[in-house]
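User: Hi! I am new to reading protein structures and would like to practise on this one. Could we go through it together, question by question?

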Amino acid sequence: MAVRALTRAQFDACFKAPMRLLDDATHLPEIDHYIDEVVAAETSLERVGNIHSIYRDASGRVDQVLIETERNERYLVLLIDVSRSALFGHFLLDLSEEYGIDR
């Protein structure tokens with residue numbers, strides 16, 4: 001599987017507000033191999049942890065899977081095409097930078 005880092009514009013185009021929190025990860029495609037490849041490819045990413053949360057956009061077409069990283073408030077976000085149950089890219093989201101939160 002090819003690793004596909006999304007630009008900010010591509011990431012922003014992948015959801016429609018309001019996002020809905022999902023409580024079940026059983027519908028997700030296999031993501032472990034993709035995560036391993038991202039960690040190997042992304043020099044700014046030292047390690048990842050567990051799934052923090054999963055959000056579905058208002059149109060029901062995209063799931064965002066937030067994976068914990070080595071830094072608080074920074075997530076590896078995997079974008080899943082719901083209709084195809086296929087992973088199509090990732091984005092590193094730093095909420096501290098997004099919202100000016102002190103670390």
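User: What percentage of the 103 residues of the protein count as buried?

Analyst: Happy to start there, and keep in mind that this is a predicted model. A residue counts as buried when its relative accessible area is under 20%. Of the 103 residues here, the share that meets this cut-off is 39%.

User: How many helices and strands are there, and what pattern do they follow along the sequence?

Analyst: The protein has 3 helices and 5 strands. Reading along the sequence, you meet them in the pattern α-β-α-β-β-β-β-α.

User: Why can the protein be called as compact as a globular protein of its length?

Analyst: The C-alpha trace spans about 35 × 30 × 25 Å along the principal axes. For 103 residues the globule rule gives 13 Å, and the radius of gyration is close to that, so the protein is as compact as a globular protein of that length. The radius of gyration itself is 13 Å.

User: In what order do the strands of the sheet come, and is their pairing parallel or antiparallel?

Analyst: Strands of a sheet pair through backbone hydrogen bonds, in either a parallel or an antiparallel way. Here 5 strands form an open sheet in the order 1-2-3-4-5, and the pairing is antiparallel.

User: Which strands stand at the edges of the sheet?

Analyst: Look for strands with a single partner strand, because one side of each is then left without a neighbour in the sheet. From one strand to the next, the twist averages 30°. The edge strands are strand 1 (20–22) and strand 5 (86–94).

User: Which residue of strand 4 is the bridge partner of Asp-63?

Analyst: Strand 3 and strand 4 (residues 74–81) run antiparallel and are joined by 7 bridges. The partner of Asp-63 in strand 4 is Ile-80.

User: Is Thr-69 buried or exposed?

Analyst: Thr-69 is found in strand 3. Its C-alpha atom is separated by 5.8 Å from that of Gly-49, although the two residues are 20 apart along the chain. The relative accessible area of Thr-69 is 9%, so this residue is buried.

User: Which residues lie nearest the centre of the largest pocket?

Analyst: That pocket has a volume of about 260 Å³, and its lining divides into 9 nonpolar, 1 polar and 3 charged residues. Helix 1 (8–12), strand 3 (62–69) and helix 3 (95–99) each supply at least two residues of the lining. Of the 13 lining residues, those nearest the centre are Phe-11, Gln-64, Leu-93, Leu-95 and Tyr-99.

User: Which residues does a cis peptide bond join?

Analyst: Most peptide bonds are trans, and most residues other than glycine have a negative phi. In this model, one bond with an omega of about -5° is cis. One of its two residues, Pro-18, is found in the loop between helix 1 and strand 1. The cis bond joins Ala-17 and Pro-18.

User: What is phi near in Glu-73 and in Ser-85?

Analyst: Glu-73 is found in the loop between strand 3 and strand 4, while Ser-85 lies in the loop between strand 4 and strand 5. Glu-73 is partly exposed, with a relative accessible area of 32%, and Ser-85 counts as partly exposed at 36%. Each has a positive phi in a residue other than glycine. The value is near 65° for Glu-73 and near 50° for Ser-85.

Technical notes
Residues are numbered from 1 along each chain as its sequence is written. This is a predicted model: local features need pLDDT of at least 70, side-chain atom pairs count only at pLDDT 80 or more; totals for chains, interfaces and linings use all residues. Side-chain values use heavy atoms; hydrogens and water are left out. On a 1 Å grid over the protein atoms alone, a cavity is a set of points where a 1.4 Å probe fits but cannot get out, and a pocket is an open set with protein on both sides within 12 Å along at least five of seven lines; lining residues have an atom within 4 Å of a point. Grid points are joined across faces, edges and corners, and a volume is the space filled by probe spheres set on the points. Helices (H or I, at least four residues) and strands (E, at least two) are DSSP runs, numbered from the N terminus. Ala, Val, Leu, Ile, Met, Phe, Trp, Tyr, Cys and Pro count as nonpolar, Asp, Glu, Lys and Arg as charged, and the others, Gly among them, as polar. Two strands pair if DSSP finds at least two bridges between them. Axes are lines fitted to C-alpha atoms, for helices over the stretch in contact, and angles run from 0 to 180 degrees between N-to-C directions. The radius of gyration is taken over C-alpha atoms; the globule rule is 2.2 Å times the number of residues to the power 0.38. Buried means under 20% relative accessible area, exposed over 50%, partly exposed in between (1.4 Å probe, protein chains only).
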